[in-house]
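Please examine how aromatic side chains are arranged in the model shown here, and where charged groups sit over their rings.

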Amino acid sequence: MFEQSIILSAIRDAIDWVLGLVGQDISILPLPVQVVLCGLIAAGGLMGAIAFAVLIYVWMERRIAGRMQARRGPNRVGPYGLLQTVADTFKLLRKEDIIPTGANRILFAFAPMLVLAGVVAAFAAIPISWDADKGEPIMIADIDLGIFLITAIVATEVIGVIMAGWASNNKWSLYGAMREAAQVVSYEIPLGLSLLVPVLIVGDLSLGAATEDQLGGNWLIWRNPFMWAVFFIFYVAGLANCKRAPFDLPEAESELVAGFHTEYSGLRFSFFFMEEYASMTLISAIGAIYFFGAGDLFGLQGSSSLIMFGVLLFKILVSIFVMMWIRWTLPRLRIDQVMTLGYKVLTPIAFFLLLGVTVWDLYDLNDKLWELFSRS
Amino acid sequence: MVETFKDFGFAVKTAIKGMGITLKTFFEKPVTLQYPEERPEVDSRYRGIHFLEQEKCISCKVCALACPVDCIHIESELPEKGLYDWDRFDIDYGLCMFCELCCFPCPTNCIHMGKEFDFSRFSRMDLVRNMLTWEGVSPAQKKEVDGIAAEKAAKKAAAAEAKKKAAQDEPKDTQDEKKDGE
Amino acid sequence: MLNPAMPLPDDPLDRDILIGAGDISTDEMYINMGPQHPSTHGVLRVLLRTDGEIVTEAHPHIGYLHRCAEKIGECLDYIKFQPYTDRMDYLAAMNNNLGYAMTVEKLAGLEIPERAQLLRVIIVELNRIASHLIAFGTYGLDAGALTPFFHAWREREEMLTLFEKICGARLTYNYVCIGGVVNDMPEGWEDMVLDFLDRFEKRWKEYNDLLTYNRIFIRRTADIGVITREDCVAYALTGPMMRGSGIDWDLRRDRPYMMYDRFEYDIPIGEGKMGTVGDCWDRYWVRMVEMKESGKIVRQAFDMLKGAEGTHKAKVPKVFKPKKGECYVGIENPRGELGFYIVSDGSKNAYRMRVRGPSFCNLSILEKLLPGAMIADAVMIIGSTDIVLGEVDR
């Protein structure tokens, strides 16, 4: 268990050290207890990290939106308005938790947790850095089926959203939920297909293996001419999957009031909010790891894992900036156009690209072209 | 099928163009003001809270009549010509719609729209603003009036004195006359 | 197994087939859009019967902003009613002022000096730009793009500063009054306006890149909410709503008032550039081009102002009592024909006051346009009518 995960073993070492202060040893705890304890601590840390990231993202979004609309954005609370989101969070926490009459109370209360849990759990399989000494990716769980687990576990989010929409006893919410179901389920096809391409090249479903494969500037995006198109498909499908504009139909505020979370308030609302940003981060992280060399920055691979983490974070932030930029520019599509785009455009292109990459790799065209190029 | 792909291509192209515009705005200076610190400079014609030149006002109530919402309340007494004893000149800003119709008919041009625009209050009663800088008779006039009164009093006193004197003198005379007559 | 009696649709998402198809349509439900809905542009309430995403029936309900404006007009003096006209169509208050003032002037037989007329033209056309800017921005909001709204607001805010310089108010101007305009323009105002128009033309191109020619926006608006010429006439639509359907009718040119017959400008009509004639995009585009044309008129009016005679206001008697009679004047508001009908009994207030609001008449076609559209389209169609609820309910 622990040999698969640098983070978990680090947590175990920390517990060991703490127990050492009272003259004890980690071995007094049975192995299942150790695993659960370390897992809980890791999950708590992950949750905290995401909550902190969301604070920054919301601030970023509002500042970026402000500047793109010729205004300033939040600038009062704290330096550059950085603490505005903290203040807003406190406001949300203090708000009354309203459950509408006629709502299914259990589902209504359970839905936001399910939605958030699905996305946060997926981060367990994301390598955040690379340990050069051990030659291992730094992640909570280096699972062989990494990307498969992520796509599977993120899909549970849809169930949560449908639950929220259905349990709210609000017709607008129901519309939002139905749109979400139709949209996310259809866009998982191009998303999955475009993820299949890097998996094909790396030859491993684990994201840790993808990180290792790209060390030293050997990014997947340069591997063959199809990769940029694949990344584009991935990005568009990813946008649709995390309900960002121009695919924000489930919560289309000009049509459905607030979509599936119309009836939510306070903490439960903030869960949906966090989920959106968390899934943006997830998509950005997967994009950075599978196409842009994870934490690698052209030969910095020999350096410390902290720099690698910083580089990865930078790539994620750039991707999130682009997402925000898109959101504050484009109008929203209509639901049938979203479906047309998914099924008639993105899916065929993704299939074609998958085929192209397969043929390219099969005949090793990279090397052949290189030979041709160097000979002339 | 081909149409759909073409459309998708167009969409991406135009989206990138639009994103260019937003990026351009991103690096432009924001046009907003930091309101409570930076206040907008309003023009001299700005129609804000009124101000009243009370010295010029002749309490003719034309403004109150011209007001479409009847938000001006004037009460004054006119004990003597050119002398106004003010009780009240209130404007209810809960009603006022800043149409400037009160300012046009004023014969002495004494009511104006000011530059003040921030007039939010916690209670509706606080929205009724007293336009008077003084109540009763004006300080300038007061001096004048006091002067006149003092003069009058002095005159009266003088007259009374004179009368008294005369009265004092008169009996003397009569006594004298009586004396003379006796 | 497929039902042999049921012909397979060519395109499963073709809405007409979807409505007709018995086996994929679901239970219908009534849904209330508004009065508290983000994109009903105020307090309009539309009762929709929907089959899934598709609207099968729509009933607009109005009256949430009723303020008895017509009755107030009958109870107040003619001059006192002037500020109330601002509050009807608050986005084009100058135009409303003008409509009312012109009606009363016609009733009283007042002659307006040339200079006053030109000042009126300038201010009214500027207000048309400001009003269409809001139409453009909020249409972007309806489509889900928030940035065009703020960009439009940036320019509108500059216009409001210009209005503030000439009349002192930023929204409810009360500038055009019976007999002319309240103030002559201040020193340097002309240069400021011309400078603004120069900058505005550059911004106008930006708007088009940002929203008008955006393919997603075109897909959202083209071929949606098509109004035929016959429907236009039948529903008494006016303004950009009608011109979008290809009917070349503009009161400024066809029933000239003030000095509009002396200016040179084009009247844009819908050509079906992106789809069918009379769709939402056409209506939107008519508004966009009108902004540019209004700029042209303003420039010409400033040129003519140099040689104009008279003052900014005719002499109006203090106690204003038009003689007995009735009259109707219709002018071209940014939203269509704004008409005032006043019956005078010779006293100092009107015996009957009636306002023909363009938004109110344009709204009436929603009942016909919305069925068959999707909910997202319904939002776009309501947006394309560019209603101001203050004027619908009055």
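The report below covers aromatic pairs, an aromatic cluster and charges over rings.

This is a predicted model in which local features need pLDDT of at least 70 and side-chain atom pairs count only at pLDDT 80 or more, while totals for chains, interfaces and linings use all residues. Residues are numbered from 1 along each chain as its sequence is written, chains are lettered from A in the order in which they are written, and side-chain values use heavy atoms, with hydrogens and water left out.

Rings of Phe, Tyr and Trp (its six-membered ring) pair if their centres lie within 6.5 Å, and planes under 30 degrees apart count as stacked, over 60 as edge-to-face and the rest as tilted. Over all chains, this rule gives 46 aromatic pairs. The pair of A:W172 and A:Y175 is tilted, because the ring centres are 6.3 Å apart and the planes stand at 40°. Both residues belong to helix α7 (residues 171–202) of chain A, where a spacing of 3 residues separates them by about one helical turn. A:W172 is buried (under 20% relative accessible area, with exposed over 50% and partly exposed in between, for a 1.4 Å probe and protein chains only), and A:Y175 is buried as well.

The rings of A:F226 and A:W360 have centres 5.9 Å apart and planes at 85°, so this pair is edge-to-face. Because A:F226 lies in the loop between α8 (207–213) and α9 (227–241) of chain A and A:W360 in helix α12 (residues 335–362) of chain A, the pair ties together parts 134 residues apart in sequence (helices being DSSP runs of H or I, at least four residues, numbered from the N terminus).

| Residue | Relative accessible area |
|---|---|
| A:W172 | 8% |
| A:Y175 | 6% |
| A:F226 | 19% |
| A:W360 | 14% |

One aromatic cluster is formed by A:W219, A:W228, A:F231, A:F234, A:Y235, A:F291 and A:F292.

Technical notes:
Helices (H or I, at least four residues) and strands (E, at least two) are DSSP runs, numbered from the N terminus.
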